[in-house]
Amino acid sequence: MKPMLRPRPLGVPSLSRTRFWHPASHARSSHLAGATSFNNTTVPSPDAKLSRPPTNPTPPPLSLLALPTLIRSYLVSAVSASPILLTPSLWILSLLAHSKLPFLQVEHNRLLHYIIKKTIYAQFCAGETPPEVQRTATQLKETGYRGIVLNYAKELVFDKASPAKQTRDDEAKDLEDWKQGLLKTVKLVDSGDYAALKFSGAGPSVVQRLIGKLPPTTAVTQATKEICDYAKDTGIKLLWDAEQNAIQPGIDRWTLDLQREYNRDGVAVLYGTYQAYAISTPQLLAQHLAIAHREGFTLGVKLVRGAYMGSDPRHLFWASKAETDRVHDRIAEALIRKEWNETLSPVKEQGTQKPTFPNVSLVLATHNHESVRKAVVIRQEQSRKGEELIDLSYAQLMGMADDLGTELIVAGNDACAATRAKTELSKTYKYTAWGSVRECLTYLLRRAEENQGSLSRTREGRLALGKEIRRRLLASLRWLDH
């Protein structure tokens, strides 16, 4: 496959309209005008300008993407931002995902299959077969992403109201199907990539144990450890996704027990997911950090804002988005700096001093430009001072936040060119699902429903996509004139 052209390493592009420049790249223009303070960190203001900008402008980060991808992303973003278009689109998607009529089932209707696969499926999903998945992963890596976070889209359908009807044979089949699906997934990714997993896919009996906060059965433990052993031996990392609040406390316990065993020698193999919109998250995370310090293992943290506000009780969440944003960013800062603060404060233990921050690995899974900007600034400050850097990766959903992802790629490339070394800014991943179009319809619908609020706030990304499309078209017209 022909490599895609990359922007020249002249400087670090803006994140949320803020420019970051590596001092080694522009020794005489390394300071920013109009900087402000963010929790004792110098943060460039949105209007900050370089005192001596480069003579030759750097191509925009979105120049990394192919034109068909840009156009498809723009159209999907436009639909997502329009309530008039989004509401009927969700209804149609739900109808196709749950319909029992043959002509509305994509596996029986070739025209429907073709339309969906070439549009929304291609935007968010990696492929139906292993070769398609590997082709998508290769394209993302050639674009500049460090790798992928791969999720198996197939979900077991069961009646939550009557789980007792399952026989032992049914339970065993559900568990085996779940294990084989996850093993297929981890075998599709490369060393350094991530696989995303859900305990609920193991079946109704597992869900009931999670609801009751009971330990996993021997069979569940054996199946889970088979997956974890493979991941550890091959250098793959596992992200246990957050789920609905009814089973999340059970998931937290199971995930922490696995981290005790596998996250040793300063390396995180498993990550738990912590949702910043939940009021209980700062205390829960502080407890887990204290346990990791006391027992000597690395805590793997995937930090998200949250995705179940539409289904979980409202009183469990912060009262406003502003509060959620503040908690998210202060937790991220505490983890990146390995320092307690007023949001993430240490658990008080009788007769002990303020506990030392444990070793931690962080996946910052967000589409929020401001949150990423703050994280980047802190990392730059730490790098300049020669401070210890935690293992940090950034992740966004494939098909969304391409402007943010490509900005991080170019920022990392510029820093690498300046320092001749790998830097943390280049560790940017895309989260995607694989499976048949039919299997992925449920994934696509759930993603759309979970992100309705954020999808309507994609104006900045859509404008960036439109600007890059216009730039390409104008460049083509100028070329034709010659």
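**Second cavity**

I began with the lining of the second largest cavity in this predicted model, and sorted its residues by class: five nonpolar, two polar and three charged. I then looked up the volume of the second largest cavity, which is about 60 Å³. Its lining counts 10 residues, and I noted D329, A332, S371, K374 and A375 as those nearest the centre. Which elements supply at least two residues each here? I found α10 (321–337) and α11 (369–385), with α10 giving the most, five residues.

**Largest cavity**

Next I checked how many cavities of 30 Å³ or more the structure holds, and there are two. The largest encloses about 70 Å³ of space. I went round its lining and listed W240, D241, Q248, I251, D252, T255, L256, Q259, G272, T273, Y274 and H288. Two elements give two or more residues to this lining, namely α8 (248–262) and β9 (270–275). I credit α8 with the largest share, six residues. By class, I have four nonpolar, six polar and two charged residues around the largest cavity.

**Surface patch**

Then I turned to the outside. L67, I71, Y74, L75 and L473 make up a nonpolar surface patch, and together they have about 410 Å² of accessible area. Helix α1 (residues 67–80) brings the largest share of the patch, four residues. Where does L473 lie? I traced L473 to helix α15 (residues 459–481). I also asked why L473 counts as partly exposed. Its relative accessibility is 46%, and partly exposed covers the range between the 20% limit for buried and the 50% limit for exposed, so L473 gets that label.

Key: Residues numbered from 1 in each chain as written. Predicted model: local features only at pLDDT ≥ 70, side-chain atom pairs only at ≥ 80, totals over all residues. Heavy atoms only, no water. Patch = residues over 30% accessible without salt bridge, like charges linked within 9 Å, V, L, I, M, F, W, Y side chains within 5 Å. Areas by Shrake-Rupley, 256 points an atom, 1.4 Å probe, with all protein chains shown as cover. Salt bridge = Lys/Arg side-chain N within 4 Å of Asp/Glu carboxyl O. Buried < 20%, exposed > 50% of the residue type's maximum accessible area, 1.4 Å probe, protein only. 1 Å grid on protein atoms, 1.4 Å probe; cavity = no way out; pocket = protein on both sides within 12 Å on 5 of 7 lines; lining within 4 Å. Points joined across faces, edges and corners; volume = space filled by probe spheres on them. Nonpolar A, V, L, I, M, F, W, Y, C, P; charged D, E, K, R; others polar.
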